[in-house]
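Here are some notes for a colleague who is meeting this structure for the first time. They are set out as numbered points, to be read alongside the sequence and the model.

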Amino acid sequence: MEFDRFFDKIAIALFAKNMGYERKRLFTEGYGYYIFRFLQLLKESKYIEKAVLFGIDAKYDKKGRFLSKNKTACASTDDVLSVYEKNRDLIIPFMSVNPYRPDALSLLEIYAERGCRGAKFLQNYWQIDTNDPSLVPYYEKLRDLSLPLIIHTGLEIAIESNKRYEKTDMLRLPLETGVKVIAAHMACGHVEYKLLFWRNFSQNPRFFNKEYFKLIEMLEIYENLYADLSSMLNPLKARVLRHLSTQKHIHSKLLFGTDFPIPIIVEFMPLDIDRHRKKKIAAIKNPFDRYTEVFVEIFGKESEIFTNWKKLL
């Protein structure tokens with residue numbers, strides 16, 4: 001992992017402290033310090049006992065040839081497993097295996113044997129249509145191994161992304177193949193109003209992303225579909241949380257998640273929380289606890305969103 005992109009330098013300068021890191025150490029010590037502090041923050045959290053950890057595989061073409069690898073965002077499954085093997089009390093490892101790899105199916109078996117409990121797709125970065133029929137054997141292997149698959153939905157800004165592959169339609173074929181699928185980020189965040197820009201931050205459901213409502217419908221239809229709440233403390237996404245808290249008929253399908261190390265700036269989020277309470281939450285130093293407190297405030301401490309993970313793991 002390297003932090004040499006202009007985007008990285010700006011993000012680290014602005015948000016390192018917010019996420020519990022020392023800016024200088026991130027630049028000078030890089031990946032080693034990033035992992036050290038991540039584990040330290042987990043141990044210090046009063047809410048989080050274990051974290052699902054996954055990397056992002058490189059890009060491959062349909063013939064299985066390596067194309068490229070983002071040096072900041074990409075980390076191999078072997079990297080994930082090396083952290084897990086030294087910290088089994090803290091980490092639940094998920095694999096990231098590009099389905100266009102020539103050895104993809106054998107890797108699924110190998111990584112499952114080594115302890116991976118699920119898989120992660122970033123098909124919008126890989127430029128892969130998840131409804132490609134050639135991927136059915138991959139999905140069948142996941143199904144037979146009883147491994148859930150996390151699929152990105154909604155806005156992506158931290159890495160290059162094809163918007164075409166960020167929609168809820170990307171969930172269809174793996175669901176129909178029988179895989180337990182987790183739709184990441186509630187399909188939220190796309191800017192749909194260019195002129196009346198303020199509508200993109202409105203908490204009025206009339207102005208929410210259409211894909212958000214499509215996902216709610218799919219959660220009602222597909223028994224094997226879940227959705228996670230990671231990366232939702234973003235101005236373009238947080239606005240749906242109060243509405244989502246009222247959709248109790250799908251709460252049994254929602255999974256709490258953070259998408260660490262995405263910054264958490266509670267003060268500026270369009271959240272239906274009393275400003276004094278919001279200020280108190282914003283002052284929490286541990287980023288895992290700060291994120292969790294927002295969801296405790298909106299969904300309630302006893303909400304099933306905090307325990308639904310047991311249905312999958």
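1. Does Arg 65 count as buried, partly exposed or exposed, and what is the relative accessibility behind that label? Please keep in mind that this is a predicted model. Arg 65 counts as partly exposed, because its relative accessibility is 48%. Its salt-bridge partner is Asp 61, and the closest N and O atoms of the two are 2.7 Å apart. Asp 61, for its part, has a relative accessibility of 15% and therefore counts as buried, since buried means under 20% relative accessible area.

2. The pair just described belongs to a wider set, as a search of the whole structure finds 16 salt bridges. Arg 172 deserves a careful look here, for Asp 169 forms a salt bridge with Arg 172 in which the closest N and O atoms are 3.7 Å apart, and Glu 176 forms a salt bridge with Arg 172 at a closest N and O separation of 3.6 Å. Glu 176 and Arg 172 are four residues apart in helix H8 (residues 172–176), so about one helical turn separates them. Each of these three side chains is described as partly exposed: Asp 169 at 41% relative accessibility, Arg 172 with a relative accessible area of 31%, and Glu 176 with a relative accessible area of 48%.

3. Salt bridges also join residues that are spread along the sequence, and a network of them links Lys 46, Arg 277, Glu 293 and Glu 297.

4. Turning to the strands, I would draw attention to E6 (residues 149–152), both faces of which are covered. On one side Leu 149 and Ile 151 are buried, and on the other side Ile 150 and His 152 are buried as well. Strand E5 (residues 119–121) pairs with E6 in the parallel sense over three bridges, and in E6 it is Ile 151 that Phe 121 stands opposite. E6 also pairs with E7 in the parallel sense, over four bridges, and there His 152 stands opposite Ala 184 in E7.

5. Two loops may be considered together with these strands. Arg 164 is found in the loop between E6 and H8, and Arg 164 counts as exposed because its relative accessibility is 55%. Arg 164 and Gln 127 are 37 residues apart in sequence, while their C-alpha atoms are 8.9 Å apart in space. Trp 198 has its place in the loop between strand E7 (181–184) and helix H9 (210–221).

6. Is Trp 198 buried or exposed? With 51% relative accessibility, Trp 198 counts as exposed, because the label applies to values over 50%. Together with Leu 195 and Leu 196, Trp 198 makes a nonpolar surface patch of about 400 Å².

7. A last point concerns the second largest pocket, in which about 200 Å³ of space lies. Which helix gives the most to the lining of this pocket? That is helix H3 (residues 31–44), which contributes three residues. The lining as a whole includes Lys 17, Asn 18, Gly 20, Arg 37, Leu 41 and Glu 44, as well as Ala 283, Ile 284, Lys 285, Asn 286 and Arg 290.

Notes: Residues are numbered from 1 along each chain as its sequence is written. This is a predicted model: local features need pLDDT of at least 70, side-chain atom pairs count only at pLDDT 80 or more; totals for chains, interfaces and linings use all residues. Side-chain values use heavy atoms; hydrogens and water are left out. Patches are made of residues with over 30% relative accessible area and no salt bridge: like charges are joined within 9 Å, nonpolar side chains (Val, Leu, Ile, Met, Phe, Trp, Tyr) within 5 Å. Accessible areas come from the Shrake-Rupley method with a 1.4 Å probe; for residues, only the protein chains shown count as cover. A salt bridge is a side-chain nitrogen of Lys or Arg within 4 Å of a carboxyl oxygen of Asp or Glu. Buried means under 20% relative accessible area, exposed over 50%, partly exposed in between (1.4 Å probe, protein chains only). Two strands pair if DSSP finds at least two bridges between them. On a 1 Å grid over the protein atoms alone, a cavity is a set of points where a 1.4 Å probe fits but cannot get out, and a pocket is an open set with protein on both sides within 12 Å along at least five of seven lines; lining residues have an atom within 4 Å of a point. Grid points are joined across faces, edges and corners, and a volume is the space filled by probe spheres set on the points.
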